[in-house]
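This report works through selected features of the model, moving from a sheet to a helix, a core and a loop residue.

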Amino acid sequence: MKRFDFLKPWLLAGFLGIFVTACATTQEEILEDGPPPEDQTQMDGGMATDGTGADASGIDGGDDGAATAIVDESMMSAVELLEQTEGALSNRTIYFEFDSAKLTSESIAILETHGSFIAGNGEVTVRLEGHADERGSREYNIALGDRRAQSVRRVLLFQGASTDQLETVSYGEEQPAMSGHTEEAWAKNRRVELIYTVN
Amino acid sequence: MKRSIICLFVMFLWAISTAGRAALTIEITGGTEGALPIAVVPFDVSKLASKLPADLAQIVSSDLNRSGVLKVMDRGALPASPHYSNQVKYQQWRGAGQDYLVVGRVREDSPGIYTIEFQLLDVLKQKQLLGRSMKAKKRNLRSRAHQISDFIYQQITGIRGAFNTRIAYVRAQKNAARKYVLQVADTDGFNAQNVLESDEPIMSPSWSPDGKSLAYVSFENRRPEIYIQQLATARRSKVSGFSGLNSAPSWSPDGKFLALVLSKDGSPDVYTLNTATKRLKRLTKHRAIDTEPVWTQDGRSIIFTSDRSGSPQLYQINVAGGRAKRLTFEGKYNSAASLSPDGKYIAMVHGERGQYKIAQLDRETGNLTVLTDSSLDESPSFSPNGRMVLYASTRGSNGFLYAVSIDGRAKHKLSDQAGDIREPVWGPFESK
């Protein structure tokens, strides 16, 4: 089992090829034992300046950017498609207006791509993590995060994803993506994150 | 997979021990105009073999000051140090502008066993209003001091004191071994004890009416689930782990039911759960968000937050079912109701022009009074005597606990730099 988190391409690169046959528990622990999110972001930046060599190293035939342009996407595995750094599938955070679970047309377009992808790849499961900004009450915000995750789920189901492939969870305002009491931070925190696992 | 997750988030459950932890400190931030002047003389401890681990008069003074009803004379300004009523020269205290005077003394009956005696005196009438003698052990000295505060407060105001009760809250700490801690503490923030520590969020603590258990939401399995935990034994059980949301538990006044919020049937709705039979009943059925249920004192209805009108507002619904009635109309955002014990007031988070403050609705008149002047306030919780509202306020990068009197006049902060404190709930009176 493999988890895909947008923030962790370096982890993917390191573990994808290596642990294909390892037991699920072991991989899960390795990933969970990784550095906290702040550190990941920093390492992310570090890796990028080194070039993307590390990214490809563990993956047979996998490449990014230029490679995808010449490879027929229908021939690519779910893992390879999720590895791509461009395109709708690489966009795994959906943002919302204050006190709203309404999707913008851009978000719907992104989610439709995800939905078709999930529908076409039965081995993929997605955890939809709903979040809210800090304003107002915590319990209301966790309900709001739940509704946001549900909004996303509906679009994915409509595209043919199966209910077994989708899990929603709301964190409310408990896990902000950006700290601070600014409009910018709030906007970043009103979100649903799509977290992929390829089983 | 489930097992691995459990392995990852090892939980440390602490039986409630007597060991004190980092205490909150108190800062009175509200005005004390109109508060009645009272002097509390340090109790006589000269006959004790060893130093008393708690300054009783200091604890009492701090309690009385926080009430906003009484203003305790500075210790340094005390004109004399009597310990018995017959040592008191009333003119002296009258001259010092005091209405009331408290004197007391402590005896050690056997090692670690004390007798505390105190007297409350009326300076103007020159007579004793109250005198009590109480036994204490080393470990409950602070609690005894809070009881003394309760006696004094009740004698002067006619209202039962709530100093000798406890509060629960969640502390989030960035650089600690466990990021989230559920704690209970005395109402002055001392004697904090860990109930649960976790790497994942803990939310929504709710006291059982007997004060012996807490219900709360824990993300230890990477999704919100509701647990009930006995404080004395740390024994706990998961009571709700449906798919989707399991949140906002609230005990019924008789302690037999939990109101809770589930989204397993679509959108977040309020349910009731019989804690003995585990029978679950859906109470609201609406496409909108329905959450934050609290029971009315008669146990017959539930007040909750819903955005069915387009923005969050408070509603009331009969537990037997029926139509929900809207309660709040002022402001775009009203949520997180806490009902005063007499049912006359509802405290809530009131959002207007981007500011979230604590407000109070008078149910008889329909008047809404804003009690706080900050901008990111949440989680109001009435004291069991209905005189104060405890809440959390975010300042800078941390949340702090504040309490405000129901007239909005007196306010104090329970501060602690070691973390971000949120979701305070004031526990019930100690069951006798």
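In this predicted model, strand β21 (residues 313-318) of chain B pairs with β22(B) in the antiparallel sense over two bridges, and B:Tyr315 stands opposite B:Arg326 in β22(B). The pairing belongs to an open sheet of four strands in chain B, ordered β19-β20-β21-β22 and antiparallel. Because β19 (290-295) and β22 (325-326) of chain B each have a single partner strand, they stand at the edges, and one side of each is left without a neighbour in the sheet. Chain A also meets this region, since helix α8 (residues 138-158) of chain A lies across β19 and β20 (301-306) of chain B and runs at about 150° to β19(B).

Helix α4 (residues 141-157) of chain B can be checked against its expected length: at 1.5 Å a residue its 17 residues should span 24 Å, and because its end C-alpha atoms are 24 Å apart, the two values agree. The helix is mostly covered, with 12 of its 17 residues buried; among them are B:Arg142, B:Arg144, B:His146 and B:Asp150, as well as B:Ile148, B:Phe151 and B:Ile152. Just after α4(B), B:Gly158 takes a positive phi of about 80°.

In soluble globular proteins, nonpolar side chains tend to be buried together. The two cores described here are set side by side below.

| Core | Size | Residues named |
|---|---|---|
| Largest nonpolar core | 83 residues | B:Leu260, B:Ile302, B:Met348, B:Val389 |
| Second, separate core | 34 residues | including B:Trp93, B:Ile116, B:Val123, B:Tyr153 |

The four residues named for the largest nonpolar core are those that touch the most other members, and strand β16 (residues 257-262) of chain B gives the most to this core, with six residues. Leaving aside neighbours within four places in sequence, B:Val389 is in contact with B:Ala347, B:Ile358, B:Leu371, B:Pro380, B:Ser381, B:Phe382, B:Ala403, B:Val404 and B:Ile406. B:Tyr153, which is included in the second core, is also one of the buried residues of α4(B).

A loop residue of chain A completes the picture. A:Ser90 is found between α6 (78-83) and β2 (93-95) of chain A, and because 15 other C-beta atoms lie within 10 Å, A:Ser90 is partly exposed. Beyond its neighbours within four places in sequence, A:Ser90 is in contact with A:Gln84 and A:Thr85, while A:Ser90 and A:Ala78, 12 residues apart in sequence, are 12 Å apart in space, C-alpha to C-alpha.

Definitions and conventions
Residues numbered from 1 in each chain as written. Chains lettered and ligands numbered in written order. Predicted model: local features only at pLDDT ≥ 70, side-chain atom pairs only at ≥ 80, totals over all residues. Buried ≥ 20, exposed ≤ 12 C-beta atoms within 10 Å, placed from the backbone. Contact = placed C-beta atoms within 7 Å. Pairing = 2+ DSSP bridges. Axes fitted to C-alpha atoms, helices over the stretch in contact; angles between N-to-C directions. Expected span 1.5 Å × (residues − 1). Core = buried A, V, L, I, M, F, W, Y, C linked by C-beta atoms within 7 Å.
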